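Biologist: I should be grateful for a close look at one part of this model, namely how its pieces meet one another. Please treat the contacts in a connected account.

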Number of protein chains: 4
Amino acid sequence: MRRTKDDAEITRRKILDAAMVVFNQYGYASARLEDIAAEAGVTRGAIYHYFEGKPEVYTALLNERFEGVNNLVGSIVSDGGTPKEVLGKLLTKILVFMEENREYRMVQELVLFKTAYLPELEEGMAHKVKSTEATISFIDNLIKEGIQCGEFDKNIDTRAAAIAAVGLFSGVSTLWLLNDKMFSIKKYAESIVDCFLSGIINK
Amino acid sequence: MRRTKDDAEITRRKILDAAMVVFNQYGYASARLEDIAAEAGVTRGAIYHYFEGKPEVYTALLNERFEGVNNLVGSIVSDGGTPKEVLGKLLTKILVFMEENREYRMVQELVLFKTAYLPELEEGMAHKVKSTEATISFIDNLIKEGIQCGEFDKNIDTRAAAIAAVGLFSGVSTLWLLNDKMFSIKKYAESIVDCFLSGIINK
Amino acid sequence: MRRTKDDAEITRRKILDAAMVVFNQYGYASARLEDIAAEAGVTRGAIYHYFEGKPEVYTALLNERFEGVNNLVGSIVSDGGTPKEVLGKLLTKILVFMEENREYRMVQELVLFKTAYLPELEEGMAHKVKSTEATISFIDNLIKEGIQCGEFDKNIDTRAAAIAAVGLFSGVSTLWLLNDKMFSIKKYAESIVDCFLSGIINK
Amino acid sequence: MRRTKDDAEITRRKILDAAMVVFNQYGYASARLEDIAAEAGVTRGAIYHYFEGKPEVYTALLNERFEGVNNLVGSIVSDGGTPKEVLGKLLTKILVFMEENREYRMVQELVLFKTAYLPELEEGMAHKVKSTEATISFIDNLIKEGIQCGEFDKNIDTRAAAIAAVGLFSGVSTLWLLNDKMFSIKKYAESIVDCFLSGIINK
DNA sequence: AATGAATGAGCATTCATTCAT
DNA sequence: AATGAATGAATGCTCATTCAT
């Protein structure tokens, strides 16, 4: 039995890792704290020592596991480039990231397929709506910049295009997560994104 | 009190209508048969008289409520037209149908946001994967036809384009269902679909 | 397995009888629904079929088991007599009733010793305070009448005397319930009540 | 940080003070050691440093907080006087003490309303029964002395009178603690006690 | 056709308690 | 002296499901 602060951090991490596994196996609603505890090698009590309850375990898990992409997005944006380049890289690289990064793929599956609306998760849902809106706005602006520098066709409806971009991205992600044997994202990502970009470039 | 076959049919329908409401309110997992019964003005026993159990109520509901779109798709396809016309109509009209048809919108929300993976619904998930694959194949073929008749660019990867089409479609649907205040589908559908089509047309 | 309406009433009664036994054995807080169910020969589910939860079982039990005394009080009052007679009978007969009526004694013990303040029982506590106040008022009036008809000393503070009466009554009850071997109520009731009455009669 | 014996004593006291507050707020059964610790500004571990467990905290609290009345009783008895005087003073002064001494009132409420029978407190209950019996005997003797010196009526049943005295006392206390807005003890104590004493004095 | 009585398995949550540091 | 990590036992409550009527 270990009881130092470092061990505490290790235990917390073990619980979160276990939660990822168990939530993905049974879905959030059917996942039992008991199973998470067993998977983590601790008792249910330990979970309650670190988290308020089941919803909080879920929220903490999401917050942690989304850090990866957030960093990826940050670095792509700060890397710079023309609007078209940035938009293309953003869409392509995150799609590829999903296929290469097991952790990220699992959270996505958890969020998309293994979690349904539940009053106790309401808060998280609201957050998702807001962040989606923010993404659309961000891309809308990117396309506007692209029009100004002559990369994109000035006749397109920038908001519609932004919605199409985000929709395409999330739709394709979902399709692939639904059945990764249907196609390889790594292989198709560029073609798919090109298909979209060539629909808005200045011809 | 006499009970005719019609009465029985009415009760069955009342239960299904109630299920739609309750599943959408609480999500499949948290919805209680008790609530469905109350909403339908009957008791739990009646539900068991018409359905095997909760999963069967859900399945029956989906089967019935998807009939509308299936008919729409059928009529669009049988209406004929060039591949590009058919593809365009298909994507646009279903998007619009979703905004206009309350019932269809509710099933979509139920399926996308209010239902998560559950062993008892496994069968339905498998069905979804298969039907998605069928849709991709169908569009893949449509695009191939379009290339042959010179409507689409012969250099595009038809499968990638089909995936993009389905992904775009489902992604935009999801986006709108997530927050119908974010944008009006009726207004954007054509622009969005055009954005996609102009990415694959023969220039 | 019986499923008629009459059986339902029997089951409800069995649950309440069992609750009386189990609450008295472990105290309200420590009593387990499991034990009540076992004692009643049903499952926990059956309890929830009839009652909202543990507090409601308790409340229902009290309401039912206090009917006996309420009837006794009613009949004593309606029997009539001079104020002194009524007051004397009231105090004496209820004290005796407690020793003779096993059910009533058990509720009293339950309320006095086996139940402590709990937020979930708040409602019941408020009711107790009110009914105590009503009793004091009732006796206050009885004494006032007694003064008018010359039975009681006109110099006494009627409210103080009423409080003394109710206090004496409940205090002695409590004492006896605490240890029925300390004294026999049947034997002492009259002496004790006389001791009080001779303190307020008109000498 | 140096920790002297005084510091230790201070911590112990803080825990006991906190226990008084928390036990009165939630009742013994529902009071959490966690809450007591928080109220005392320490952690649960500290409580276990000073006490064996929850029952021992409770017992220690009672022992300490009853000292006040015990001293009062002692001084009244040693002050001397005729039996009637001593008995009258005893009853009156303790009633008044309850209204004036916040600490004493709180223990009484704790014992009477906030603590129910629990196996772990069995010991304390037995002690209460014994001490009640001792009090009755003490008063019984006091009354016997009063009869011998001609203060009390020689025809009364001394044990019944003693029981009435203790019952009256505890009943009135309980009544007041139940709702201190119902009446002021300070104001009524003498009338109430007089009412009792005039029932047994030698007329 | 429909009711409603009763079951029983399932589970999150609470907390007193232990103990290494 | 005091902390805080972790345990583990305990239990109220929910609900899908069964079935006699």
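Modeller: What follows takes the interface between two chains, then the domains within one chain, and then the surface around a DNA strand.

The model is a predicted one, and its local features are restricted to residues with pLDDT of at least 70. In the pairing of chain B with chain A, 41 residues of chain B are in contact with 41 residues of chain A. Together the two chains bury about 3,500 Å², and 72% of that area lies on carbon and sulfur atoms. Five helices of chain B each contribute at least two residues to the side that touches chain A: helix 1 (5-26), helix 7 (102-113), helix 8 (122-148), helix 9 (158-178) and helix 10 (185-197). Helix 9 of chain B provides the largest share of that side, with twelve residues. Sorted by class, the side of chain B that touches chain A holds 24 nonpolar, twelve polar and five charged residues. As for specific pairings, the number of salt bridges between chain B and chain A is zero, whereas eight residue pairs are found in polar contact across this interface, with both partners at pLDDT 80 or more.

A second interface lies inside chain A, which is divided into domain 1 (2-60) and domain 2 (66-198). The C-alpha centres of these two domains of chain A are 30 Å apart. Nine residues of domain 1 of chain A are in contact with eleven residues of domain 2 of chain A. Between them, domain 1 and domain 2 of chain A bury about 910 Å², with 66% of it on carbon and sulfur atoms. Three residues, A:Met20, A:Asn24 and A:Tyr58, supply 58% of the area that domain 1 of chain A buries against domain 2 of chain A, more than any other three residues. Across this interface of domain 1 and domain 2 of chain A there are zero salt bridges, but five residue pairs are in polar contact, both at pLDDT 80 or more. On the side of domain 1 of chain A that touches domain 2 of chain A, helix 1 (5-26) and helix 4 (54-65) of chain A each supply at least two residues. Helix 1 of chain A accounts for the largest share of that side, four residues. The class division on this side of domain 1 of chain A is seven nonpolar, two polar and no charged residues.

The remaining part concerns DNA strand E. This strand is surrounded by 36 residues, the closest being A:Arg32, B:His49, B:Tyr50, C:Thr11 and C:Tyr50. By class, the surface near DNA strand E has 14 nonpolar, ten polar and twelve charged residues. Helix 3 (44-50) of each of chains A, B, C and D supplies at least two residues of this surface, as does helix 1 (5-26) of chain C. Helix 3 of chain C gives the most, with five residues. Of the atoms of DNA strand E within 4 Å of the protein, 68% belong to sugar or phosphate and the rest to bases. Individual approaches include both kinds of partner. At the backbone, an N or O atom in the side chain of B:Tyr50 is 2.4 Å from a phosphate oxygen of DNA strand E, and a polar side-chain atom of C:His49 lies 2.9 Å from a phosphate oxygen of DNA strand E. At a base, a polar side-chain atom of A:Arg44 lies 3.0 Å from an oxygen of DNA strand E.

Methods. Residues numbered from 1 in each chain as written. Chains lettered and ligands numbered in written order. Heavy atoms only, no water. Contact = heavy atoms within 4.5 Å. Buried area = accessible area lost by both parts, 1.4 Å probe. Salt bridge = Lys/Arg side-chain N within 4 Å of Asp/Glu carboxyl O. Polar contact = N/O pair within 3.5 Å; in protein donor to acceptor, adjacent residues only side chain to side chain. Nonpolar A, V, L, I, M, F, W, Y, C, P; charged D, E, K, R; others polar. Domains from an automatic or database assignment. Near = heavy atom within 4 Å.
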